[in-house]
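Hi,

Here is the structure I promised to pass on to you. Have a look at it first, and then read my notes below.

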Amino acid sequence: MRINKASPPTVAQYVLETVRADILNGRYPMNSRLDQQAIAAELGVSIIPVRECLRQLEAEGLVQISPRRGVFVVELSVDEFREIYSIREVLEELAIHKALPHFTPAHLDYVRQINARFVQAIHDRAYSTALEINQEFHLALYEPAQQPLLLDLISSLSTRSMRYRQIYVNLPNRAQQAIIDHETILAACRAGDSAAAGKAVRSHLRRTLDSVLATLKVPHETES
């Protein structure tokens, strides 16, 4: 059984977070078959939370459960990635517009502290950690909007795109660009400029999309 000093409060959550992380960090490659019994044995749990975990991961788009064949890690799809980011641009611009009027100095400082951890992870070349902190940063930005359904949608799409973004943060020059983008977003938030903050968020997401497509050598679509 793997030891996790910061284990989630329930067995089901522990299994879900562990297997999800193993997919996102490439321990389970694309199209590989997940052995439920082996996962249960490795994590020291029964088969029931593993099955629950895999159903949740299927809902997140990370695995495909095929009757009589088993469970397989889903292959990356450029079309899906484009679609995810076109939706994220709209939702996250809306979220920052709704959140910014409710920002307090304390919340802004909280978001800045998260970003400082992101920057440190980049400097330490801990790119997988930086990816997780990046997601935390975005969700913290939108938290004051008090729109739980909107945040759930953003969180789900962000998790679904994590494997693609692993490509982005593992390239140091692109990781440095993410630091610049975050500072631009924070500057707009400090100024209380909702329009500028929305534009900065949208530009940041679009830049990530274009950079990943360039890395994959896929031409990006020209905006109309």
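**The sheet and its hairpin**

Strands β2 and β3 form a hairpin with three residues between them, and there R68 adopts a positive phi near 70°. Please keep in mind as you read on that this is a predicted model.

The hairpin belongs to an open sheet of three strands, ordered β1-β3-β2, with antiparallel pairing. At its edges are β1 (33–34) and β2 (63–66), each of which pairs on one side only. Between β2 and β3 (residues 70–73), which run antiparallel, there are four bridges. If you want a spot to start looking, V63 stands opposite V73 in β3. As general background, strands of a sheet pair through backbone hydrogen bonds, either parallel or antiparallel.

**Helices α1 and α3**

Two packed helices are described by the angle between their axes and the distance between the axes, and I have followed that scheme here. For helix α1 (residues 11–24) and helix α3 (residues 47–59), the packing angle is about 50° and the axes are 9 Å apart. An angle of that kind falls outside the parallel, antiparallel and perpendicular ranges, so α1 and α3 are oblique to each other. The crossing of α1 past α3 is right-handed.

Which residues of α1 and α3 meet? On the α1 side they are V11, A12, V15, L16, V19, R20 and I23, and on the α3 side P49, V50, E52, C53, Q56 and L57. Sorted by class, this contact of α1 with α3 has ten nonpolar residues, one polar and two charged.

**Helices α4, α6 and α7**

Helix α4 (residues 78–99) packs on helix α6 (residues 127–142) at an angle of about 50°, and their axes lie 8 Å apart. α4 is therefore oblique to α6. From α4, the residues R88, E92, A95, I96 and A99 meet H138, L141 and Y142 of α6. The contact of α4 with α6 divides into five nonpolar residues, one polar and two charged.

Helix α6 also has a contact with helix α7 (residues 148–160): the two axes come within 11 Å and cross at roughly 165°. Since angles over 145 degrees count as roughly antiparallel, that is how α6 lies relative to α7. The crossing of α6 and α7 is right-handed. Here Q135, L139 and Y142 in α6 meet L151, I154, S155, S158 and T159 in α7. By class, the contact of α6 with α7 splits into four nonpolar and four polar residues, with no charged ones. Y142 of α6 is worth a click, as it appears in the contact with α4 and in the one with α7.

**Salt bridges**

Side chains of opposite charge can pair when their charged atoms come close. How many salt bridges does the structure hold? There are ten. One that I looked at joins the side chains of R27 and E42, with 3.0 Å from N to O. This pair links distant parts of the chain, 15 residues apart: R27 sits in the loop between α1 and β1, while E42 is in helix α2 (residues 36–43).

Happy browsing, and do write back with any questions.

Best wishes

Definitions and conventions:
Residues are numbered from 1 along each chain as its sequence is written. This is a predicted model: local features need pLDDT of at least 70, side-chain atom pairs count only at pLDDT 80 or more; totals for chains, interfaces and linings use all residues. Side-chain values use heavy atoms; hydrogens and water are left out. Axes are lines fitted to C-alpha atoms, for helices over the stretch in contact, and angles run from 0 to 180 degrees between N-to-C directions. Helices (H or I, at least four residues) and strands (E, at least two) are DSSP runs, numbered from the N terminus. Angles under 35 degrees count as roughly parallel, over 145 as roughly antiparallel, 65 to 115 as roughly perpendicular and the rest as oblique. A crossing is left-handed if the near helix is turned anticlockwise from the far one by less than a right angle, and right-handed if clockwise. Contact means heavy atoms within 4.5 Å. Ala, Val, Leu, Ile, Met, Phe, Trp, Tyr, Cys and Pro count as nonpolar, Asp, Glu, Lys and Arg as charged, and the others, Gly among them, as polar. Two strands pair if DSSP finds at least two bridges between them. A salt bridge is a side-chain nitrogen of Lys or Arg within 4 Å of a carboxyl oxygen of Asp or Glu.
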